[in-house]
Amino acid sequence: GHRRDKMVVHGFLLHNSKSLDQAGGSKSEDEVVVWASRFYDSEGNDKRSCVRAKAVARRVQQEFRVSRCEGNMEDGKGLWHSRAQPANHVSRGVFRLSSSRIFSKPKVVFWIHKSEALCTLICEEKTNVLLAANQLGLIANAIADHFGPEALQGAKWVNQRPEELYMVLDRLIPSGHLQFLTEVDVKKELADLVASLQKSAK
């Protein structure tokens, strides 16, 4: 098998990057929509699981908006001009959460923006930062590869195939373990999953 770090992933979230009013819905204070979540310890799966997921997703949305605003530059005359990002630009970031009423211990949160979605990893404090950031990028790509690009554009597909999403996650971050995976490893894991799904469908 692949070399694993100790269990450091507290949870994974897939959620919207746009507020509801931007997305054409009604404007609401509660603008975070968590499409899917997976927690790997007892704290993550307690009765506050939904509250915890939304709180983290809301903070990630805020961080994402700040990163987008940093694309604007002042011209010296007090005027701001938007600096166009290249089409293949990927917004990503990391921040620390202190212990609080929803987390008994501090956490490090990694996020990446793809299409209309934000993919988020909630990790223990002493996580290998480079490994976690790299694996999150591979997970986001794996979701798009396995389910199609529309998988990162809305919750509809998750509602139709939730168990399959968990199967993908269980292969890439089994029981909350970060793995030293390459793109080749991920493609093999997805191919193996497809083969097992086809076999079970017969």
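Student: Why is Phe147 called buried or exposed, whichever applies?

Tutor: In this predicted model, Phe147 has a relative accessibility of 5%, and because buried means under 20%, Phe147 counts as buried. Phe147 is placed in helix α2, and, leaving aside its neighbours within four places in sequence, Phe147 is in contact with Trp157, Arg161, Glu164, Leu165 and Val168.

Student: How do you know where Phe147 and Arg161 stand relative to each other, in sequence and in space?

Tutor: Phe147 and Arg161 are 14 residues apart in sequence, and their C-alpha atoms are 9.2 Å apart in space. The two residues are nevertheless listed as being in contact, because a contact is judged by heavy atoms within 4.5 Å.

Student: How many aromatic pairs are there, and what makes Phe64 and Trp111 one of them?

Tutor: The count comes to two aromatic pairs. For Phe64 and Trp111 the distance is 6.0 Å centre to centre, with 80° between the planes; since centres must lie within 6.5 Å and planes over 60 degrees apart count as edge-to-face, this is an aromatic pair of the edge-to-face kind. Phe64 lies in helix α1, residues 49–69, and Trp111 in strand β7, so the pair ties together parts that are 47 residues apart in sequence. Both Phe64 and Trp111 are buried.

Student: What makes the pair of Phe147 and Trp157 tilted?

Tutor: Their ring centres are 4.4 Å apart and their planes are at 45°; because planes under 30 degrees apart count as stacked and those over 60 as edge-to-face, with the rest as tilted, this pair is tilted. Phe147 belongs to helix α2 and Trp157 to helix α3, so the pair ties together parts that are 10 residues apart in sequence. Phe147 is buried, and so is Trp157.

Student: Why is Ser91 called buried or exposed, given its place in a loop?

Tutor: Ser91 sits in the loop between β5 (80–82) and β6 (92–97), and its relative accessibility is 8%; because the cut-off for buried is under 20%, Ser91 counts as buried. Apart from neighbours within four places in sequence, Ser91 is in contact with Phe64, Ser67, Arg68, Trp111, Ile112 and His113, and this list includes both members of the edge-to-face pair.

Student: Which class does Ser115 fall into, and why?

Tutor: The relative accessibility of Ser115 is 37%, and because buried means under 20% and exposed over 50%, Ser115 counts as partly exposed. Ser115 is found in the loop between β7 and β8, and Ser115 has a positive phi of about 55° although it is not a glycine. Ser175, which lies in the loop between α4 and β9 (177–179), also has a positive phi, near 55°, and is likewise a residue other than glycine.

Student: What makes Arg38 count as a charge over a ring?

Tutor: Arg38 lies over the face of Tyr166, at 4.5 Å from the ring centre, and the distance cut-off is within 6 Å. Arg59 lies over the face of Phe95, at 4.2 Å from the ring centre, so Arg59 also satisfies the limit of 6 Å.

Student: Which residues and elements build the largest nonpolar core?

Tutor: The largest nonpolar core has 37 residues, of which Phe12, Leu14, Leu121, Ile143 and Ile173 touch the most other members. The elements giving two or more residues to this core are β2 (9–16), β3 (34–39), β7 (107–114), β8 (117–124), α2 (129–147), α3 (156–160), α4 (162–172) and α5 (183–201), and the largest share, nine residues, comes from α2. Apart from this core lies another, of 16 residues, among them Ile102, Val109, Trp111 and Leu118.

Student: What does Leu121 touch?

Tutor: Not counting residues up to four places away in sequence, Leu121 touches Val9, Gly11, Phe12, Val108, Val109, Phe110, Ala132, Leu136, Ile173 and Leu178.

Student: Why are Cys119 and Cys123 placed in the class they have, and how many disulfides does the structure hold?

Tutor: Cys119 is at 0% relative accessibility and Cys123 has a relative accessible area of 0%, so each falls under the 20% cut-off and counts as buried. A search of the whole structure finds zero disulfides.

Technical notes:
Residues are numbered from 1 along each chain as its sequence is written. This is a predicted model: local features need pLDDT of at least 70, side-chain atom pairs count only at pLDDT 80 or more; totals for chains, interfaces and linings use all residues. Side-chain values use heavy atoms; hydrogens and water are left out. A nonpolar core is a set of buried Ala, Val, Leu, Ile, Met, Phe, Trp, Tyr and Cys residues joined through side-chain atoms within 4.5 Å. Buried means under 20% relative accessible area, exposed over 50%, partly exposed in between (1.4 Å probe, protein chains only). Helices (H or I, at least four residues) and strands (E, at least two) are DSSP runs, numbered from the N terminus. A disulfide is a pair of cysteine sulfur atoms within 2.5 Å. A charge sits over a ring if NZ of Lys or CZ of Arg is within 6 Å of the ring centre and within 35 degrees of the ring normal.
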